[in-house]
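Here is a short tour for someone meeting this structure for the first time. Keep the 3D view open and follow along.

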Amino acid sequence: MTDTATIDSGPGAGTVVPPGEVARRTIRRTDWVPCKAAFIDCRTPGSDRKDNYSFIGPGVSQSADQYVNLREPHGFQLGAAGMPHGTTNSLHLHFTAEVFVNFDGDYQLRWGADGAQGEYRSVDGDVVSVPTWIFRGFTNVGADEGVLLTVLGGDDTGGIIWGPSVLREAAGHGLHLTADNRLVDTVRGERVPDGVALVTPMPQEKIDELDRVDAEAFRARVTHAGDRVWIAAPFLCSGLPGGGAELSLVIGYGMSEDRRAAPRLHDPHGFDLAWLRARAGEGVLTHRHPGTQVLTAKAGRWAVRLNTGADEQVVELGPLDTLSVPAGAWRSFTLLDAAPGRAADPGLGELLVVNEGDGRTRLDWAPEVVAAARAAGHVLDANGYVAPAEVLVTATDDD
């Protein structure tokens, strides 16, 4: 249950986030709680050292012991795979979007029912959107501290389907999966509930009907650090003091107010995802929007200010710290220090921004930002894109 108050009138109208709610929605790297038995392959050699983290939503975990930092529905889910060097996440299939965000790791991704359809070596800064309805798995081939974040589409992912060999090997270790997605551990004395069927391997004829994805098509769904296209002036506040952040669209049109900007991936995921970067003292000025938003710092130390006036709350985020911003809350982002973490470009901080929904994320700017932008010669047109004020003098109403 959230503890927020909504004010419905006046220029400062919005969702006020009290201190306790801010704390509840702040997930530090030190708050991560691993589950070592989240999936049916937890005893399979090569996969038995795997940790599963669920930060926002339970993800596709099949264990009742999975710790979830924030269960509140966001329209998407956020988690991570903790895998020491050499550990493998076994082949499985998703129905909704699964996006990997590589935070300084080195992972060998593979796909196809037998894992032989193709491979891609993922490195720091990659965002990989794996097509739905294909089997995928991955192995940590780098250092133990590499982190692979996962963003999943929807509040209900529908679970997953495991590769046939994964189910057969797990059964040999006393692990079974029920049709309602419960893990049964017969080694620990658990029994299959009466009247509940067990999941059986997917029939080969149905596997043969799955999409085939070649290496070129898979690479087109990867946004490597070198593939990022940065929008120099993505917002109404761009060019104002403290509003100098740049934006790189990865999935969906997101928050960009540059009418010429286009994302690398357009297909529906249930969320949009972008990189935001800035130098110290710069960021995004006060704004809000009607959907949920999750921020995760990759590089640098960021100050996120929630609410306005006497209600203002400040959260500092360092690498791998996450903040869930409630719908309608006023917020601003400022880079304090670019040093912590690993950015693609020295001297810059990086922030991963995920918003719910498949449409554009339309921003509502604080009145003082609108006034300052207008004085600098910029307003938003009727479609929510930055335009010259001298051309669109009638498009500057605040209501």
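## Salt bridges

A salt bridge here is a side-chain nitrogen of Lys or Arg within 4 Å of a carboxyl oxygen of Asp or Glu. Searching the whole structure with that rule turns up 19 salt bridges. Keep in mind that this is a predicted model.

Let's start with Asp-106 and Arg-121, whose side chains meet in a salt bridge at 2.7 Å, N to O. This pair links distant parts of the chain, 15 residues apart: Asp-106 is in the loop between β8 (98–103) and β9 (107–111), while Arg-121 is in strand β10 (residues 118–122). Are these two buried or exposed? Neither, quite: Asp-106 counts as partly exposed at 21% relative accessibility, and Arg-121 is partly exposed too, with a relative accessible area of 44%.

Next come Asp-227 and Arg-264, joined by a salt bridge of 3.8 Å, N to O. Here the partners are 37 residues apart, with Asp-227 in the loop between β17 (222–223) and β18 and Arg-264 in the loop between β18 and β19. Asp-227 is partly exposed at 23%, and Arg-264 is partly exposed at 34%. Some charged residues form a network instead: Glu-21, Arg-24, Arg-25 and Glu-72 are linked in a network of salt bridges.

## Strand β19 and its partners

Now look at strand β19, residues 271–278. How many of its eight residues are buried? Eight of the eight are, so the strand is largely enclosed by the rest of the structure. In a regular strand, side chains alternate between the two faces of the sheet. You can follow that here: Phe-271, Leu-273, Trp-275 and Arg-277 point one way, and Asp-272, Ala-274, Leu-276 and Ala-278 point the other way.

Which strands pair with β19? One is β18 (residues 246–251), which pairs with β19 in the antiparallel sense over five bridges; there, Ser-248 stands opposite Trp-275. Another is β25 (residues 349–356), which runs antiparallel to β19 and is joined to it by eight bridges. In β25, Leu-351 is the bridge partner of Leu-276.

Arg-277 deserves a second look. This residue forms a salt bridge with Glu-246, with the closest N and O atoms 2.6 Å apart. The pair connects strand β19 to strand β18 across 31 residues of chain. Arg-277 has a relative accessibility of 12%, below the 20% cut-off, so it counts as buried.

## A seven-strand sheet

Elsewhere, seven strands make an open sheet in the order β5-β4-β6-β13-β8-β11-β17, with mixed pairing. At the edges stand β5 (68–70) and β17; each has a single partner strand, so one side of each is left without a neighbour in the sheet.

Within this sheet, β8 and β13 pair in the antiparallel sense over six bridges. If you want a landmark, find Phe-100: its bridge partner in β13 is Thr-150.

## Cavities

How many cavities of 30 Å³ or more are there? The count comes to four, and the largest has a volume of about 250 Å³. It is lined by 27 residues, and the closest to its centre are Phe-39, Asn-52, Val-60, Glu-98 and Thr-150.

Several strands supply at least two residues each to this lining: β4 (51–56), β6 (76–82), β7 (88–94), β8, β13 (147–153) and β14 (160–162). The lining is a mix, with 13 nonpolar, 11 polar and three charged residues.

## Two spots in the loops

Gly-270 sits in the loop between β18 and β19. Its C-alpha atom is separated by 6.6 Å from that of Phe-76, although the two residues are 194 apart along the chain. Leaving out residues up to four places away in sequence, Gly-270 touches Gly-75, Glu-356, Gly-357 and Asp-358.

Thr-178 is in another loop, the one between β15 (175–177) and β16 (183–185). Is Thr-178 buried or exposed? At 1% relative accessibility, Thr-178 counts as buried. Beyond neighbours within four places in sequence, Thr-178 is in contact with Val-184, Pro-193, Val-196, Ala-197, Leu-198 and Val-199.

Conventions: Residues numbered from 1 in each chain as written. Predicted model: local features only at pLDDT ≥ 70, side-chain atom pairs only at ≥ 80, totals over all residues. Heavy atoms only, no water. Buried < 20%, exposed > 50% of the residue type's maximum accessible area, 1.4 Å probe, protein only. Helix = DSSP H or I, 4+ residues; strand = E, 2+ residues; numbered from the N terminus. Pairing = 2+ DSSP bridges. 1 Å grid on protein atoms, 1.4 Å probe; cavity = no way out; pocket = protein on both sides within 12 Å on 5 of 7 lines; lining within 4 Å. Points joined across faces, edges and corners; volume = space filled by probe spheres on them. Nonpolar A, V, L, I, M, F, W, Y, C, P; charged D, E, K, R; others polar. Contact = heavy atoms within 4.5 Å.
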